[in-house]
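Here is a short tour of pockets, cavities and helix packing, written with a modeller's eye in mind. Have the viewer open and follow along.

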Amino acid sequence: MSATVDPRTASTGWESADSPARVGSMAGSGAGTGSGAGARVPGRPRAEAAVDLDAIGHNVAVLADLAGRSGAATMAVVKAEGYGHGSVAVGRAALSAGATWLGVCTMAEALVLRAGGITAPILSWLDLLDDDFTAGVAGNVDLSVGSLAELAAVQLAATEVDRPARVHLKIDTGLSRNGCGEGEWPELVHAAARAAAEGSVEVIAVWSHLAHGDEPDSPVLDRQAARLDAAWRLAREAGLRPIRHLANSAATLTRPDLHYDLVRPGIAVYGLDPVGPPPSRYGLRPAMTFRTRVAMVKRVPAGEGVSYGHEWTTPRETVLALLPVGYADGVPRRLGSRPSGVGGMQVLLGGRRLPVVGRICMDQVVVDCGPDGAGVTVGAEAVLFGPGDRGEPTAQDWADALGTIHYEIVTGLRVGRVSRTVWGMDGREGDSECGEAGGWRGSR
């Protein structure tokens with residue numbers, strides 16, 4: 001697929017059963033529209049996450065503009081393989097659109113970005129004491145430090161590679177996860193100041209994570225900001241000159257008073273609004289479309305059970321379409337229909353939103369196309385979720401049905417079973433950072 005063509009509207013290359021390109025036959029049989037025939041299109045994935053880099057660029061531009069009005073820089077968070085969108089591709093798009101930093105969870109993630117040619121500042125914030133900090137220091141990766149033991153490990157690495165380590169001192173302001181407690185903070189600050197004087201570290205920032213970032217009016221945000229301010233002042237009194245950062249996606253959008261020197265949007269970079277349902281009131285554009293193609297179409301009489309356990313039975317003669325994806329690909333099993341009827345999951349197929357029926361299997365999903373078959377043929381595109389602008393379900397729809405958040409949906413697609421293609425951002429093309437190990441393909 002060309003990196004300059006929108007895969008949501010362009011021909012997929014997945015020919016239908018009546019196409020002249022059709023060859024071979026599908027396993028199984030049955031009388032009905034397109035049953036028993038299929039297309040073989042070399043190189044086409046059976047399931048695909050199509051990522052719109054233009055949407056990424058648009059979202060980062062929105063976020064960077066908001067931050068810039070407060071005098072803050074923007075760190076685009078690309079941890080967890082860019083929230084499932086591709087860290088190198090997203091990182092490049094974000095930096096082109098106004099971000100000046102990137103954020104990740106681990107040094108390994110940071111070094112993937114460095115290997116991809118990204119030279120911008122990168123912060124890694126959750127490494128373990130026995131990790132190889134020398135690789136991070138040598139790669140000019142900023143490292144989060146929240147304890148004396150972490151500081152000592154980073155100092156040792158800096159000595160081994162003979163260059164100062166760039167560190168961000170993390171204060172726990174109320175999330176009670178990682179980060180230094182208030183009682184231990186003075187000792188950590190003075191140890192960091194001594195290390196800075198010795199030349200083994202450079203203290204870049206004092207920072208923390210919000211506990212209620214998606215609740216702009218929560219008083220917890222103000223308490224956390226006050227604790228961060230106190231921690232920063234103590235660092236200044238110790239002779240350090242760090243910046244401060246606290247704001248996540250939601251605070252970037254709703255709390256300019258918490259922007260400080262740097263904001264760290266994550267989910268908003270990918271067009272998923274952290275503070276309201278789609279469409280985003282901030283103009284964010286979802287960047288991922290998850291789609292597959294129909295593997296079989298068959299007409300089934302009334303009274304037939306569908307999928308394991310027969311939790312759904314055909315109420316009338318109908319046409320069923322088989323999609324070759326399931327919970328091994330990241331389609332949650334709980335999205336299947338309930339014994340009492342159709343569940344929460346629908347797909348865009350044949351120009352309509354059609355219901356998934358029966359249990360979702362490890363690698364198969366069944367869709368009820370109705371008695372007329374909705375014009376669905378083997379090879380037809382089925383959109384499981386996307387931006388929603390064509391009427392397709394969204395990641396938020398899945399999250400609502402499951403009682404979870406859209407973060408979990410987009411990061412839950414499975415490497416190796418679902419291919420990823422990226423497009424947009426001036427048509428730059430290249431390799432996929434997931435490489436051969438994951439079986440992913442795509443452009444930068």
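## The largest pocket

The lining of the largest pocket divides into 15 nonpolar, 10 polar and five charged residues. Keep in mind that this is a predicted model. The space inside the largest pocket comes to about 710 Å³. It is lined by 30 residues, and those closest to the centre are Lys79, Arg177, His209, Asn248 and Tyr407.

Which elements give two or more residues to this lining? They are α2 (79-83), α9 (249-254) and α11 (406-411). If you want to select the centre of the pocket in your viewer, Lys79, Arg177, His209, Asn248 and Tyr407 are the residues to pick.

## The second largest pocket

The next stop is the second largest pocket, with a volume of about 360 Å³. Its lining is made of 21 residues, and Val306, Ser307, Leu322, Gln364 and Val366 lie nearest the centre. Strands supply this lining: β11 (296-300), β12 (305-306), β14 (318-323) and β17 (365-370) are the elements that give two or more residues to it.

Which of these elements gives the most to the lining? That is β11, with four residues. By class, the lining of the second largest pocket splits into 13 nonpolar, three polar and five charged residues.

## Enclosed space

Turning from pockets to cavities, how many of 30 Å³ or more does the structure hold? There are two. The largest cavity has a volume of about 130 Å³, and 18 residues line it. Gly271, Leu272, Pro286, Thr394 and Ala395 are the ones nearest the centre of this cavity.

Two helices, α10 (395-402) and α11, are the elements that give two or more residues to the lining of the largest cavity. Helix α11 also appears among the elements that give two or more residues to the lining of the largest pocket. The cavity lining has 10 nonpolar, seven polar and one charged residues.

## Helices α1 and α3

Now for some helix packing. Helix α1 (residues 53-69) packs on helix α3 (residues 87-97) at an angle of about 45°, and the two axes are 8 Å apart. That angle makes α1 oblique to α3. The crossing of α1 past α3 is right-handed.

On the α1 side, the contact is made by Leu53, Ile56, Gly57, Val60 and Ala61. Helix α3 answers with Ala89, Val90, Ala93, Ala94 and Ala97. Sorted by class, the residues of this contact are nine nonpolar, one polar and no charged.

## Helices α6 and α7

A second helix pair is α6 (residues 148-161) with α7 (residues 185-198). Their axes come within 10 Å and cross at roughly 15°. Why do α6 and α7 count as roughly parallel to each other? Angles under 35 degrees count as roughly parallel, and the crossing of α6 and α7 is at roughly 15°, so α6 and α7 are roughly parallel to each other. The crossing of α6 and α7 is right-handed.

Helix α6 brings Leu148, Leu151 and Gln155 to the contact. These meet Glu187, Leu188, Ala191, Ala192, Ala195 and Glu198 in α7. The residues of the contact of α6 with α7 divide into six nonpolar, one polar and two charged.

How values were computed. Residues numbered from 1 in each chain as written. Predicted model: local features only at pLDDT ≥ 70, side-chain atom pairs only at ≥ 80, totals over all residues. Heavy atoms only, no water. Axes fitted to C-alpha atoms, helices over the stretch in contact; angles between N-to-C directions. Parallel < 35°, antiparallel > 145°, perpendicular 65-115°, else oblique. Left-handed = near helix turned anticlockwise from the far one by under 90°. Contact = heavy atoms within 4.5 Å. Nonpolar A, V, L, I, M, F, W, Y, C, P; charged D, E, K, R; others polar. 1 Å grid on protein atoms, 1.4 Å probe; cavity = no way out; pocket = protein on both sides within 12 Å on 5 of 7 lines; lining within 4 Å. Points joined across faces, edges and corners; volume = space filled by probe spheres on them.
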